[in-house]
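Open your viewer and get ready to click along. We will go from one stop to the next, selecting a few residues each time and looking at what is there.

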Amino acid sequence: MVVVGAGFLGTEVAAAARTMGLEMTVVEPEPVPARRPFGDRIGALVADLYRDHGTRLRCGTGWSATRCAGSRPASTPPETSPPGTTRTSAPACDWNTG
């Protein structure tokens, strides 16, 4: 999973995703996470904490493009999907930082 932005919301989403066992990457244009509210020193501590828990950080870079190949149908029992919907698996995406 990729989260763009490492402010309050982005860091919380990343932490929740890691807790659920998802592979996590956070892209942040600032040099450290949570820099605006806490500054560089606390941001560096936050970065270390996230790395220690397996989150990949791409700090000092922005988001420039996302290209997705499309989604593939997943097998879903009809009783678990609303009528007229098709459940799909996640598309294969390439992402570029700028």
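Select phenylalanine 8 to begin: is its side of the chain buried or exposed? Phenylalanine 8 is exposed, at a relative accessible area of 55%, where exposed means over 50%, buried under 20% and partly exposed in between, using a 1.4 Å probe and protein chains only. What you are viewing is a predicted model, in which local features need pLDDT of at least 70 and side-chain atom pairs count only at pLDDT 80 or more, while totals for chains, interfaces and linings use all residues. Residues are numbered from 1 along each chain as its sequence is written, and side-chain values use heavy atoms, leaving out hydrogens and water.

Now add phenylalanine 38 to your selection. A pair of aromatic rings is described by the distance of the centres and the angle of the planes. Rings of Phe, Tyr and Trp (its six-membered ring) pair if their centres lie within 6.5 Å; planes under 30 degrees apart are stacked, over 60 edge-to-face, and the rest tilted. By this rule there is one aromatic pair. Phenylalanine 8 and phenylalanine 38 form it edge-to-face, with 5.6 Å from centre to centre and 85° between the planes. The pair links distant parts of the chain, since phenylalanine 8 sits in helix 1 and phenylalanine 38 in helix 2, 30 residues apart. Phenylalanine 38 is partly exposed, at 44% relative accessibility.

Next, switch to a cartoon view. The chain has two helices and five strands, and from the N terminus they run β-α-β-α-β-β-β. Helices (H or I, at least four residues) and strands (E, at least two) are DSSP runs, numbered from the N terminus.

Select helix 2, residues 35-52. How far apart are its end C-alpha atoms? They are only 19 Å apart, although a straight helix of 18 residues would reach 26 Å at 1.5 Å a residue; the expected span is 1.5 Å times one less than the number of residues. Look at arginine 41, where a kink of about 85° is centred; the bend at a residue is the angle between axes fitted to the seven residues ending there and the seven starting there.

Stay on helix 2 and colour Gly43, Val46, Ala47 and Tyr50, which are buried. Their cover includes helix 1 (8-19) and strand 3 (56-59). Just after helix 2, find glycine 54, whose phi is positive, near 90°.

Move to alanine 34, in the loop between strand 2 (25-28) and helix 2. Alanine 34 has a positive phi of about 55°, although it is not a glycine. Alanine 34 is also buried, at 9% relative accessibility. Not counting residues up to four places away in sequence, alanine 34 touches Ala6 and Gly39; contact means heavy atoms within 4.5 Å.

For the last close-up, select threonine 11 in helix 1. Threonine 11 is buried, with a relative accessible area of 12%. Which residues does threonine 11 contact, leaving aside neighbours within four places in sequence? They are Ala6, Pro33 and Tyr50. Show glycine 7 too: its backbone oxygen lies 2.8 Å from a polar atom of the threonine 11 side chain.

Finally, zoom out to the whole chain. Of its 98 residues, 24% count as buried.

Technical notes
Polar contact = N/O pair within 3.5 Å; in protein donor to acceptor, adjacent residues only side chain to side chain.
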